[in-house]
Amino acid sequence: MTATNGRPVDGAARPGAPSAARHDTVAAVVGQWQAVHPDLDTGPMEIIGRINRCAALLQQAEDAPLRRAGLSRPEFDLLGALRRTGRELTPSELTRETFSSGAAVTKRLKLLTERGLVERRGDTRDRRVAHVRLTDAGRDLVDAVLPEQLAYETTVLAGLDTPGQGELASLLGELLVQLEGRPGVLRV
């Protein structure tokens, strides 16, 4: 069944759409909205709704390998930023690298320092600036957890074939570039 806007109603299959998409929770929500407002194009809801639902489900899973290591995803992201850049970073740099607020980074740094995973040292020229580096224990933890985390994420994505994963990564990358406000992109 198709709404007046040409979109399927109640999760009906679109040509070329995977059959699993017909039965997800977002398809049901979209079908309900189409019944209430058949004149509106719910196409954006099909994408944004699914991105939001996937993000919520991934957050609920809490990244099993990280949880076993006693880390949250944001803490691992902070440790990972220090590991992958290979140098000391200031809390402001960590804020930018991890897309976190300054207050959140400060709180995480305090916890990670107490656990002996990072060290802070003051700047010799400006006492207001701190430099953060991984300790040996922090580096060892990141190096041990990263392969397990990647294996976990591979399992999460196992339902998508390799070309599908590549296409999804590419499409999400395009959307991310737009949302990050690259020059020449229309901002709403």
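Which helix supplies the largest share of the lining of the second largest pocket? In this predicted model, that share comes from H4, which contributes seven residues. The pocket in question encloses about 190 Å³ of space, and of the 13 residues that line it, those closest to its centre are Phe76, Gly80, Ala81, Arg84 and Leu146. Helices H4 and H7 each supply at least two residues of this lining. When the lining of the second largest pocket is sorted by class, five residues are nonpolar, two are polar and six are charged.

The largest pocket holds about 2500 Å³ of space, and 44 residues line it, with Ile51, Cys54, Leu58, Leu168 and Leu172 lying closest to its centre. At least two lining residues come from each of helix H1 (25-36), helix H2 (43-61), helix H4 (73-85), helix H7 (136-156) and helix H8 (162-179). Among these contributors, H8 provides the largest share of the lining of the largest pocket, amounting to 12 residues. By class, the lining of the largest pocket comprises 23 nonpolar, nine polar and 12 charged residues.

Two helices recur in the description of both pockets. Helix H4 (73-85) and helix H7 (136-156) each give at least two residues to the lining of the largest pocket, and H4 and H7 likewise each give at least two to that of the second largest pocket. The largest share of the lining, however, is supplied by H8 in the largest pocket and by H4 in the second largest pocket.

How values were computed: Residues numbered from 1 in each chain as written. Predicted model: local features only at pLDDT ≥ 70, side-chain atom pairs only at ≥ 80, totals over all residues. Heavy atoms only, no water. 1 Å grid on protein atoms, 1.4 Å probe; cavity = no way out; pocket = protein on both sides within 12 Å on 5 of 7 lines; lining within 4 Å. Points joined across faces, edges and corners; volume = space filled by probe spheres on them. Helix = DSSP H or I, 4+ residues; strand = E, 2+ residues; numbered from the N terminus. Nonpolar A, V, L, I, M, F, W, Y, C, P; charged D, E, K, R; others polar.
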